[in-house]
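Please open the structure in your viewer and keep the selection panel at hand. The stops below each say what to select and what is there.

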Amino acid sequence: MKLLSAQSAGVVAIGLLAMGSWQTALAADHDHDHDHEHGDHGHSHAHGHDHDQDIHAGYFDDDQVEDRQLSDWAGEWQSVYPYLQDGTLDEVFAHKAEHGDKSADEYKSYYEEGYRTDVDRIVIDGDEVTFYEGDEAHTGEYAYDGYEILTYKAGNRGVRYIFEREGGDEDAPQYFQFSDHAIAPTDADHYHLYMGDDREALLEEVVNWPTYYPSELSGEEVAEEMMAH
């Protein structure tokens, strides 16, 4: 099973560990623009902001972070990458260009790298997770492996919730890490997934973040969700 995020993670790990600055070198670009639904990560933290908006934007205390169960992400999910490829998300990039510092084409290029994946569908049922790559499907049994808090150059932070394969198909990734802007138990409405066989290398991945929305949404509805955040 070819998981591009794992391959990309290896490249990032080799190059940036040699520089000794993976978080400061890449996380600023990743987190400033990494999905408008992440919130405006480039802003200065204003104490008057709504509490949930602060957390969503990556401003929280360590003691606010809680463990989560795989059931928070239960269901059937679709990759947004095909919608980028067929032009459905073009209106999203045009919307970003109206409010950001890049052109619509520049945003599309940025997200093309971020959203890229061969895993077009994921089904999470109990402790089993099935990854669909074209006509191939690989199911693993996963257990919670804790969380990691990452600090970015922009000053905000993120939480990766990590799960490790303990059984099932060996072609399923050994690890995957959720990032969905929440830091305590809640049902996810979309998420970014980092998947591969090296736990530490995945933590260093800030370039490729395959993104998934519920499978029942149409491409147009996904675009609307993105622009609404």
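Select Glu 220 to begin; this residue sits in helix α8. The model is a predicted one, and in it Glu 220 has a relative accessible area of 47%, which makes it partly exposed. Now add Tyr 83 to the selection. Glu 220 and Tyr 83 are 137 residues apart in sequence, but their C-alpha atoms are 8.8 Å apart in space.

**Helix α8**

Extend the selection to residues 219–228, which make up α8. Which residues of α8 are buried? Colour Gly 219, Val 222, Ala 223 and Met 226, and you have them. Turn the view until you look down the axis of α8: these buried residues fall within an arc of 100 degrees, so they line one face of the helix.

Next, show what covers that face. The elements over the buried residues of α8 include the strands β1 (75–79) and β8 (211–214), along with the helices α4 (81–85), α5 and α6.

**α8 against α5**

Keep α8 and add α5, residues 90–99. The axes of the two helices come within 9 Å and cross at roughly 15 degrees. An angle under 35 degrees counts as roughly parallel, and α5 and α8 are therefore roughly parallel to each other. Their crossing is right-handed. To see the contact itself, show side chains for Glu 91, Val 92 and His 95 on the α5 side, and for Ala 223, Met 226 and Met 227 on the α8 side. Sorted by class, the residues of this contact are four nonpolar, one polar and one charged. Ala 223 and Met 226 were already on display as buried residues of α8.

**Helix α5 by itself**

Hide α8 for a moment and look at α5. Its buried residues are Val 92, Phe 93 and Lys 96. Seen down the axis of α5, they fall within an arc of 95 degrees, so they line one face of this helix. Bring the neighbours back: the buried residues of α5 pack against α4, α6 and α8.

**α5 against α6**

Select α6, residues 104–115, together with α5. How far apart are the axes of α5 and α6, and at what angle do the helices pack? The axes are 8 Å apart and the angle is about 120 degrees. α5 and α6 are therefore oblique to each other. As with any such pair, the description rests on the angle between the axes and the distance between the axes. The crossing of α5 with α6 is right-handed.

Now show the side chains in this contact. From α5 take Asp 90, Phe 93, Ala 94, Lys 96 and Ala 97; from α6 take Ala 104, Tyr 107, Lys 108 and Tyr 111. By class they divide into six nonpolar, no polar and three charged residues. Phe 93 and Lys 96 also belong to the buried residues of α5.

Stay on α6 and pick Ser 109, which lies in this helix. Is Ser 109 buried or partly exposed? With a relative accessible area of 48%, Ser 109 is partly exposed. Put a distance between the C-alpha atoms of Ser 109 and Phe 93: the two residues are 16 apart in sequence and 9.7 Å apart in space.

**Strand β2**

Move to β2, residues 121–125, and select Ile 122 in this strand. Ile 122 has 0% relative accessibility and counts as buried. Leaving out residues up to four places away in sequence, Ile 122 touches Gly 75, Glu 76, Trp 77, Val 129, Thr 130, Phe 131, Tyr 191, Leu 193 and Tyr 212. Then add Tyr 213, which is 91 residues from Ile 122 in sequence, with 9.9 Å between the C-alpha atoms.

**A loop residue**

Select the loop between β6 (175–179) and β7 (191–196) and find His 181 there. This residue has a positive phi of about 75 degrees, although it is not a glycine. His 181 counts as buried, at 12% relative accessibility.

**The whole protein**

Clear the selection and zoom out. The secondary structure comes to eight helices and eight strands. The protein has 229 residues, and 47% of them count as buried. Of the contacts with a separation of 6 or more, 62% are between residues 24 or more positions apart.

Notes:
Residues numbered from 1 in each chain as written. Predicted model: local features only at pLDDT ≥ 70, side-chain atom pairs only at ≥ 80, totals over all residues. Heavy atoms only, no water. Axes fitted to C-alpha atoms, helices over the stretch in contact; angles between N-to-C directions. Helix = DSSP H or I, 4+ residues; strand = E, 2+ residues; numbered from the N terminus. Parallel < 35°, antiparallel > 145°, perpendicular 65-115°, else oblique. Left-handed = near helix turned anticlockwise from the far one by under 90°. Contact = heavy atoms within 4.5 Å. Nonpolar A, V, L, I, M, F, W, Y, C, P; charged D, E, K, R; others polar. Buried < 20%, exposed > 50% of the residue type's maximum accessible area, 1.4 Å probe, protein only. Arc of directions from axis to C-beta.
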